[in-house]
Amino acid sequence: MNQLYSNGILTTVSNFLLSQYSNATNDRRRFFVTTGSVLVTVWTLLKLVRKQDQASIEYNNNIVPSVSGTLPVFGHAFQINKDPLGFIQKCKAEYGPAFKIKLVTQDLYVLTGKMIPELLMASRKTVSFTEGIETIMPVERVMRLSYEHKHTEENISPRDKHPITYPIKQNFKPNQIEVFSDRVEKAFQGLLQEELVLKRGEKKQIDPWDFLSHAISRISCLCFAGSRVGTNRDLIHSMATLTQSIVKAGMLLTVLPPMIADIIVRRYMSVERQLDLLMELLVPLINGLRSGEIPDDEATFVSMTSKLLKSDGSMRSPEEAAFHFKGVALASIHTTSHFTTFALHELACRPQLMEDLRKEINTLEKRTPESVSHLQLLDSFIREVLRYDIDNLGLHHMALQDMILSTGQMIPKGSLIVAALDEAHQDPALGSLYNKPLNEFDAYRFIDATEDKKSSTIGIDLISFGLGAHACPGRYFAVNEIKYILAELLVRFDISTPSGKRAPDNYAMGMVKFPPKEPIILEGIL
């Protein structure tokens, strides 16, 4: 109707101007009539195009809206850093469940609430988690700059069973975790004896991140590399610090011009030394396992990967198999340390919760990773940490082709897509409230849940580990590891902070939430 109306006006105006032109008696008058005709025609056409564009946006609704208020260079960085969750909730209310923001020079397509599964369940031909992460934190680039002069990483075929995720999926299921229990127990008990023997009333202040990354590296090296090399202190230290070294180098690569950044990383921020140690220890181990000189009598990631054939039936070289160990270290040590540090800070400001957890733990005849895994309150507490202490934006994916959302909106190929994790975990439409509102921390929230709400159970109300076929395959091991560490600390120590309060979290670019920097105080109670 609007188009017909505009066309009618345009026809009427044109006819009037044409008649005026025909009746003009001199060139001067004809010039003004011609000029006026052009101006009126252009003005009318612009109004028509504007109306058509508005109608297209309003009715076709096939464009993901861009959030207004961007600043030159910084984009929305100031707004999201000021109130990360509040900014996302406001954008969702104003623009709908999918919108585009800008952080510095990077455009981000943000999916919220019920739209997040569309990203996490999408085909690998449509989106790539690996390429998405590499855009934000160029881990593979750091590896290449550090080690390509010594080893070129294997080019994994799409037909191959992935040498990292496949062994984990097949060998770290809930009913298989007990295979590693003795090693988990041995590694952590050994660390406690070396570093945390406190008499009753004796206090020690620790940096929880440093302590836990070392503890979890100790467990991971023993479980994933095996007892023959997994107790090597240099390896444990190298794997504990590998992620932090890569993150520092990766941040530099994202802010400096490539030519300058590459030189700095190669010369001053290389992780060559850590990778050298890994190869020096694991390559001879794999050669020994394959030759039979070393008995293959332990379930380890190294053994599993070295025996996994490629799609063409060939076997990986010892160097290729060994090099994949760094992927397990990056995934397991950093993430587990991250959430366990959050757990300590949540405990430190809740003395009653600590007492309730101790009572539950003390009902066990013997504390083992298996027995501790069945404790209901501890499990509810861990699930709440995973739910509440989550990144604001995460699970970055790169669009490998145009992605059409259920709303009909299209995200173009080459775009970076992120999930609004914290917003989803606090959306009443996605998660049951149980006792307290979702914007409050409640360690008891899932104790009486009628559904399966174990800490390792994934769903739209808990997407810390992802969803579907792309969910983290090592989550069962990680959750049991966290439970055992916390149980052993709780029966030995009171946990507090110097301030006596829950310190504020730290955010990076309004996206990633890091635990508080405040130290933890452990006080002996035995």
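This is a short tutorial dialogue on reading helix packing and strand pairing in a predicted model.

Student: Let's start with the overall picture. How many helices and strands does the protein have?

Tutor: This predicted model has 21 helices and 12 strands. Of the 526 residues in the protein, 49% are buried. The exposed surface comes to about 25700 Å², with carbon and sulfur atoms supplying 55% of it.

Student: And what share of the contacts between residues at least 6 apart in sequence join residues at least 24 apart?

Tutor: That share is 73%.

Student: Now helix packing. What describes two packed helices?

Tutor: Two values do the job: the angle between the axes and the distance between the axes. Take helix H7 (residues 139-147) and helix H11 (residues 233-255) here: their axes come within 9 Å and cross at roughly 100 degrees. Angles of 65 to 115 degrees count as roughly perpendicular, and H7 and H11 are therefore roughly perpendicular to each other.

Student: Which residues meet where H7 and H11 touch?

Tutor: From H7 come Val139, Arg141, Val142, Met143 and Leu145, and from H11 come Ile246, Ala249, Gly250 and Leu253. Sorted by class, this contact has 7 nonpolar, 1 polar and 1 charged residues.

Student: On to strands. How do strands of a sheet pair?

Tutor: They pair through backbone hydrogen bonds, in either a parallel or an antiparallel sense. A good case here is an open sheet of 3 strands in the order E4-E12-E9, with antiparallel pairing. Strand E4 (203-206) and strand E9 (493-496) are at the edges with a single partner strand each, so one side of each has no neighbour in the sheet. From one strand to the next, the twist averages 25 degrees.

Student: How many bridges pair E9 with E12?

Tutor: E9 and strand E12 (residues 520-524) pair over 4 bridges, in the antiparallel sense. To find one of them by eye, look for Ser496, whose bridge partner in E12 is Ile521.

Student: Which helix lies across E9 and E12?

Tutor: Helix H16 (residues 325-348) does, running at about 90 degrees to E9.

Student: What about strand E5: is it mostly covered or mostly exposed?

Tutor: Strand E5 (residues 394-399) is mostly covered, with 6 of its 6 residues buried.

Student: Which strands does E5 pair with?

Tutor: Strand E3 (residues 127-128) runs antiparallel to E5 and is joined to E5 by 2 bridges; there, Val127 has Ala399 as its bridge partner. Strand E8 (residues 416-419) also pairs with E5 in the antiparallel sense, over 3 bridges. For that pairing, find His397, which stands opposite Ile417 in E8.

Methods:
Residues numbered from 1 in each chain as written. Predicted model: local features only at pLDDT ≥ 70, side-chain atom pairs only at ≥ 80, totals over all residues. Heavy atoms only, no water. Buried < 20%, exposed > 50% of the residue type's maximum accessible area, 1.4 Å probe, protein only. Contact = heavy atoms within 4.5 Å. Areas by Shrake-Rupley, 256 points an atom, 1.4 Å probe, with all protein chains shown as cover. Axes fitted to C-alpha atoms, helices over the stretch in contact; angles between N-to-C directions. Parallel < 35°, antiparallel > 145°, perpendicular 65-115°, else oblique. Nonpolar A, V, L, I, M, F, W, Y, C, P; charged D, E, K, R; others polar. Pairing = 2+ DSSP bridges.
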